[in-house]
Amino acid sequence: MRHSKEKKVAPPVSQEDILTVLEFGCVDTCDLVSTGSNYTFHVALSLDGGRQISAIYKPRQGEAPLYDFLPGTLYHREYAAYLVSQALGWDFVPPTVIRDGPHGIGVIQHYIDHEPGINYFNLRESHPDELFRMAVFDCLVCNADRKGGHCIKGRDGKIWSIDHGLTFHHGRKMRTVMWDFCDHTIPGELTRDLQRLLEGFSRGNDLVERLAGVLSRREVDALRQRLELIINSSVIPMRELADPWRSVPWPLV
């Protein structure tokens, strides 16, 4: 059978290009993802008839109310997690933007084509360094929902961290499956990254301004306090940051 000649569309390759499509691309399809307590959609975006991308869209109006997080703020926290990951140079949170979509304003994050069935529990032996760094990150952003399934392995072998809607609480709220790393010494290279981030806070750099647009002043102050705690303790201080009532998420995966 002969196939008609169609122009092949190359996907965006650089992070800057991906962010451009995420922010300005036309939403061609929007399909509900059936899992999760909040409304989540898989979307296809295109820009200028050339660049195409798959993404996850979480609208504000689809967020289920919670007793311990302000309503309508989870999409802000997803975006803030991306900003902090980028500021550290750790680059394991997929490119993320805030914009309007078919169901109103929300967060749109690049969809990572990943290996199914792979999660924290079958990655911890083969990728300890990447997961260790995520454990440090979770302390910094006070991740209240680090399930095993929130660690994924891309088809290219890269380990990614996803689902950061329950982050940046100002109190002790960490819930994680990564207790293997509790009290482990933080390597010097990661500490230097954290120190550079703290220096940026002291100068009031662009990151601080961008975080102030999506987090409360109290939450930004708590982020800085956790940053200082991690640097000064030199180990992963999970015990000091864990939710005293429930220190693991449910379900675990």
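A residue counts as buried when its relative accessible area is under 20%, as exposed when that area is over 50%, and as partly exposed in between. The structure described here is a predicted model. At 30% relative accessibility, Arg224 is therefore partly exposed. Glu228, with a relative accessible area of 30%, is partly exposed as well. These two residues form a salt bridge in which the closest N and O atoms are 3.4 Å apart. Both belong to helix α6, where four residues, about one turn of the helix, separate them. In addition, Asp68, Lys173, Arg175 and Asp243 are joined into one network by salt bridges that share partners.

In total, the structure holds 19 salt bridges. Side chains of opposite charge can pair when their charged atoms come close. One such pair consists of Arg51 and Asp17, whose side chains meet at 2.6 Å, N to O. Arg51 is in strand β3 and Asp17 in helix α1 (residues 15–24), so that the salt bridge links distant parts of the chain, 34 residues apart. Arg51 has a relative accessible area of 25% and is partly exposed, whereas Asp17, at 18%, is buried.

A further salt bridge is formed by Asp163 and Lys58, with the closest N and O atoms 2.6 Å apart. Asp163 lies in the loop between β7 and α4 and Lys58 in strand β3, so this pair ties together parts that are 105 residues apart in sequence. Asp163 is partly exposed at 25% relative accessibility, while Lys58 is buried at 18%.Asp163 and Lys58 also take part in the lining of the largest pocket, where they are among the residues nearest its centre, together with Gly36, Thr40 and His150. This pocket holds about 1200 Å³ of space and is lined by 47 residues. Strand β3 (51–59), helix α2 and strand β5 (104–110) each supply at least two residues of the lining. By class, the lining has 23 nonpolar, 14 polar and ten charged residues. The second largest pocket has a volume of about 250 Å³. Its lining comprises 15 residues, and His110, Tyr111, Ile112, Asp156 and Trp160 are the closest to its centre. Six of the lining residues are nonpolar, four are polar and five are charged.

In soluble globular proteins, nonpolar side chains tend to be buried together. The largest nonpolar core in this model has 49 residues, and Val84, Met178 and Leu211 have the most contacts inside it. At least two residues of this core come from each of α2 (74–88), α3 (128–141), α4 (188–203), α5 (206–212), α6 (217–233) and α7 (238–241). Helix α3 supplies the largest share, nine residues. Beyond its neighbours within four places in sequence, Met178 is in contact with Tyr120, Leu131, Met134, Ala135, Asp138, Arg146, Cys151 and Met238. A second, separate core has twelve residues, including Leu22, Phe41, Leu45 and Val97.

Some backbone angles were also noted. Phe168, although not a glycine, has a positive phi of about 65 degrees. This residue lies in the loop between β7 (159–161) and α4 and counts as buried at 0% relative accessibility. Ser234 likewise has a positive phi, near 65 degrees, without being a glycine. Ser234 is placed in the loop between α6 and α7, and at 36% relative accessibility it counts as partly exposed. A cis peptide bond, with omega about -5 degrees, joins Trp250 and Pro251. Pro251 is found in the segment after α7.

Terms used. Residues numbered from 1 in each chain as written. Predicted model: local features only at pLDDT ≥ 70, side-chain atom pairs only at ≥ 80, totals over all residues. Heavy atoms only, no water. Core = buried A, V, L, I, M, F, W, Y, C linked by side-chain atoms within 4.5 Å. Buried < 20%, exposed > 50% of the residue type's maximum accessible area, 1.4 Å probe, protein only. Contact = heavy atoms within 4.5 Å. 1 Å grid on protein atoms, 1.4 Å probe; cavity = no way out; pocket = protein on both sides within 12 Å on 5 of 7 lines; lining within 4 Å. Points joined across faces, edges and corners; volume = space filled by probe spheres on them. Nonpolar A, V, L, I, M, F, W, Y, C, P; charged D, E, K, R; others polar. Salt bridge = Lys/Arg side-chain N within 4 Å of Asp/Glu carboxyl O.
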